Amino acid sequence: MKVRTRFAPSPTGNVHIGNMRAAIYNWLFARHMGGEFLLRVEDTDRERSTPEAIQTLLEAMDWLKLDIDGEPLYQSTRMEAHLEAAETLLSKGLAYKEDKGGTGQGECVIFRMPGTDSAYVDGIKGPLKKAAENMQDFVIVRSNGTPVFHLANVLDDIEQGVTHVIRGDDHVENTFRHIALYQALDADVPNFAHLPMIVNAQGKPYSKRDGDAFVGDFREKGFLGDALFNYLALLGWSPGDDREVMTREEMIEAFELARCQSSAAQVDLRKLTWMNGEYMLKLPEAEFEAMCFEAVAKAGIEADADYAKQVFGLVRERVKTVADIVPMVGYFFTDEFDYDEKAVRKKLQKDGVADVLAQVKAIFQELETFDEASTDKALHDFVETSGLGFGAVMAPARLAVTGIQSGPDLFPMLAVLGRERVLARIDRTVRLFLS
RNA sequence: GACCCCUUCGUCUAGUGGCCUAGGACUCCAGGUUUUCAUCCUGGCAACACGGGUUCGAGUCCCGUAGGGGUCGCCA
């Protein structure tokens with residue numbers, strides 16, 4: 001039988017990172033087995049399940065490149081079928097009506113647990129069992145006539161032909177109920193596998209207050225979908241060898257439920273950041289440039305395309321996340337950049353620096369052509385003839401031109417900035433701090 | 001509280017009785033390369049929760065303890 005997995009989120013406007021990891025594992029498993037990955041939108045909560053919320057969900061999946069097979073099933077369209085099944089259960093004596101707990105809310109439909117011990121083999125956690133006396137009957141249709149999660153979920157999984165239910169740890173107790181429901185419904189019981197939870201930096205369950213709990217947070221922080229996918233895939237699973245940065249194909253090929261961890265995993269933003277950097281480096285140049293243009297435009301910077309492309313090339317290897325781009329290239333696009341005050345005091349406001357900058361300026365002015373090779377040679381010659389150290393020349397030059405101490409290699413950067421800007425910036429620096 | 005689950009470096013993990021004086025990755029530290037920073041290279045710090053068994057031999061199997069987590073809704 002063809003393997004079928006599904007992702008069954010309830011669209012709330014935010015996609016929790018733990019849910020998304022479950023989606024990734026379902027996708028990976030389905031692809032590994034040559035099966036299908038389905039989407040079911042559990043939108044029975046009409047309050048929260050707005051079109052915008054559904055859009056957010058779809059966008060998140062798209063961003064992570066989780067392609068689905070077939071059309072999404074919207075649970076809200078299945079209410080009649082759910083209720084019908086409840087009637088059948090009722091007529092077979094497998095469920096009964098009662099005003100549960102005498103709450104006065106009216107009669108609801110309650111599923112009768114079979115009264116036998118239950119056991120199943122979890123794809124991740126191994127053999128699990130539960131004694132009959134620890135399982136109680138449960139509500140499947142509310143007194144207001146709407147189906148409860150358990151009923152709807154199981155019925156829809158049957159409808160969609162789901163063979164493997166891969167979901168969060170928090171559902172293990174439900175599994176015994178669900179198995180009983182499948183049996184009462186005369187349906188094949190699917191395989192179940194339960195993923196451990198993801199916890200925050202304090203080792204506690206991720207709550208909304210932690211921040212970084214939703215997929216959108218990671219996107220905003222400048223992470224790449226592919227990097228987050230890879231990171232999340234490795235959070236609780238490993239291929240068994242030392243590979244970490246892997247292509248989709250490699251992950252699909254290596255993925256096995258049996259190799260999934262059964263203990264909770266903590267998100268480490270530093271490792272994610274490192275991995276993201278690896279993915280940034282692998283980006284095709286055009287894609288990287290497009291990303292830069294977008295970031296820069298969003299920051300309100302107007303950039304000449306040719307010049308900007310050269311600038312982006314300069315920072316290409318240093319950018320770890322999309323969010324790094326703007327702070328890293330800012331000074332290329334304005335002559336009114338700020339200075340690192342501490343560096344100014346330490347490297348600029350010293351005896352002789354004014355003279356050094358004056359000479360550097362003069363050298364640059366006299367250069368026939370102003371490019372990487374010529375500036376490189378000129379400054380190295382100057383260092384040699386003047387007897388000054390490299391640092392004593394390069395550091396003030398860099399500060400004068402960019403305002404900060406770190407950045408791309410000096411000479412290629414000078415070439416990109418161009419003689420005019422470089423000279424003007426040296427003048428400005430001298431005017432501000434050395435006169 | 002009841003039931004269930006989990007426990008290897010700070011973090012993610014490898015490890016399925018001898019190949020483990022426990023390997024890799026991130027982070028951190030030191031050294032090297034470099035005009036700076038980053039990269040890169042080399043090296044280093046750092047873990048089998050604890051206690052009992054079983055066994056010639058246990059991170060690996062069993063029991064217990066401790067700690068952590070999940071579930072106990074007419075939420076999903």
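## Where domain 2 meets domain 3

Tutor: We're looking at a predicted model. In it, domain 2 and domain 3 bury about 870 Å² between them, with 65% of that on carbon and sulfur atoms.

Student: Which residues in domain 2 lose the most area to domain 3?

Tutor: Start with the contact itself, which takes eight residues from domain 2 and 12 residues from domain 3. On the side of domain 2, three residues together make up 64% of what gets buried there. Those three are Tyr 307, Leu 314 and Tyr 331.

Student: How many residues on that side of domain 2 are nonpolar?

Tutor: Let's sort the residues of domain 2 that touch domain 3. One of them is polar and one is charged. The nonpolar ones number six.

Student: What is the count of salt bridges between domain 2 and domain 3?

Tutor: Polar contacts do turn up across this interface: the rule finds two residue pairs, both at pLDDT 80 or more. For salt bridges between domain 2 and domain 3, though, the count is zero.

Student: Now for Asp 340. Is Asp 340 buried, partly exposed or exposed?

Tutor: Asp 340 sits in the loop between α12 (325-329) and α13 (341-348). Its relative accessibility is 27%, and buried would need under 20%, exposed over 50%. Therefore Asp 340 counts as partly exposed.

Student: Which residues does Asp 340 touch, leaving out those up to four places away in sequence?

Tutor: Look further along the chain. Gln 405 is 65 residues from Asp 340 in sequence, yet their C-alpha atoms are 7.7 Å apart in space. The residues Asp 340 touches are Gly 403, Ile 404 and Gln 405.

Methods. Residues are numbered from 1 along each chain as its sequence is written. Chains are lettered from A and ligands numbered from 1 in the order in which they are written. This is a predicted model: local features need pLDDT of at least 70, side-chain atom pairs count only at pLDDT 80 or more; totals for chains, interfaces and linings use all residues. Side-chain values use heavy atoms; hydrogens and water are left out. Helices (H or I, at least four residues) and strands (E, at least two) are DSSP runs, numbered from the N terminus. Buried means under 20% relative accessible area, exposed over 50%, partly exposed in between (1.4 Å probe, protein chains only). Contact means heavy atoms within 4.5 Å. Buried area is the accessible area (1.4 Å probe) that two parts lose on being put together, summed over both. A salt bridge is a side-chain nitrogen of Lys or Arg within 4 Å of a carboxyl oxygen of Asp or Glu. A polar contact is a pair of N or O atoms within 3.5 Å; within protein, one must be able to donate a hydrogen and the other to accept it, and residues adjacent in sequence count only if both atoms are side-chain atoms. Ala, Val, Leu, Ile, Met, Phe, Trp, Tyr, Cys and Pro count as nonpolar, Asp, Glu, Lys and Arg as charged, and the others, Gly among them, as polar.
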